[in-house]
Amino acid sequence: MSKETSFFIYLIERYAEYKNTTAEKIIVQWEKLGLVDFIYNMYELYHTERIENAYMDIDSLMQTGKTAW
């Protein structure tokens, strides 16, 4: 498994905990919004920052379609 895939799984699981839901529900939401590939490709940024920064960015993406950066 690549480091990107491993981090993506970690991110989904932690984000689901942050939102008090399941990883399965999160991935369905991201798929509906067309965000899966974008979030996956944000590995270089998300894995070097605090995980809460990724949460903030993902929340912004889900609400506005734009990153918080």
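Which residue follows α1, and what is the sign of its phi? In this predicted model, α1 is followed by N20, and the phi of N20 is positive, near 55 degrees.

Helix α1 itself covers residues 3-18. With 16 residues at 1.5 Å a residue, α1 should span 22 Å, and this agrees with its end C-alpha atoms, which are 22 Å apart. The buried residues of α1 are F7, F8, L11, I12, Y15 and A16. Viewed down the helix axis, these buried residues fall within an arc of 165 degrees, so they line one face of α1. Their packing partners are α2 (23-32), α3 (36-40), α4 (43-46) and α5.

The pairing of α1 with α5 (residues 51-64) can be described further. The two axes come within 11 Å and cross at roughly 75 degrees; the two helices are therefore roughly perpendicular to each other. On the α1 side, the contact is made by F7, Y10, L11, R14, Y15 and Y18, while α5 contributes I51, A54, Y55, I58, D59 and M62. By class, this contact has 10 nonpolar and 2 charged residues, with no polar ones.

M62 also takes part in a second set of contacts, this time with a loop residue. L35 lies in the loop between α2 and α3, and this residue is buried, with a relative accessible area of 8%. Leaving aside residues up to four places away in sequence, L35 touches W30, L61 and M62. L35 and M62 are 27 residues apart along the chain, and their C-alpha atoms are separated by 8.1 Å.

Methods:
Residues numbered from 1 in each chain as written. Predicted model: local features only at pLDDT ≥ 70, side-chain atom pairs only at ≥ 80, totals over all residues. Heavy atoms only, no water. Axes fitted to C-alpha atoms, helices over the stretch in contact; angles between N-to-C directions. Helix = DSSP H or I, 4+ residues; strand = E, 2+ residues; numbered from the N terminus. Parallel < 35°, antiparallel > 145°, perpendicular 65-115°, else oblique. Contact = heavy atoms within 4.5 Å. Nonpolar A, V, L, I, M, F, W, Y, C, P; charged D, E, K, R; others polar. Expected span 1.5 Å × (residues − 1). Buried < 20%, exposed > 50% of the residue type's maximum accessible area, 1.4 Å probe, protein only. Arc of directions from axis to C-beta.
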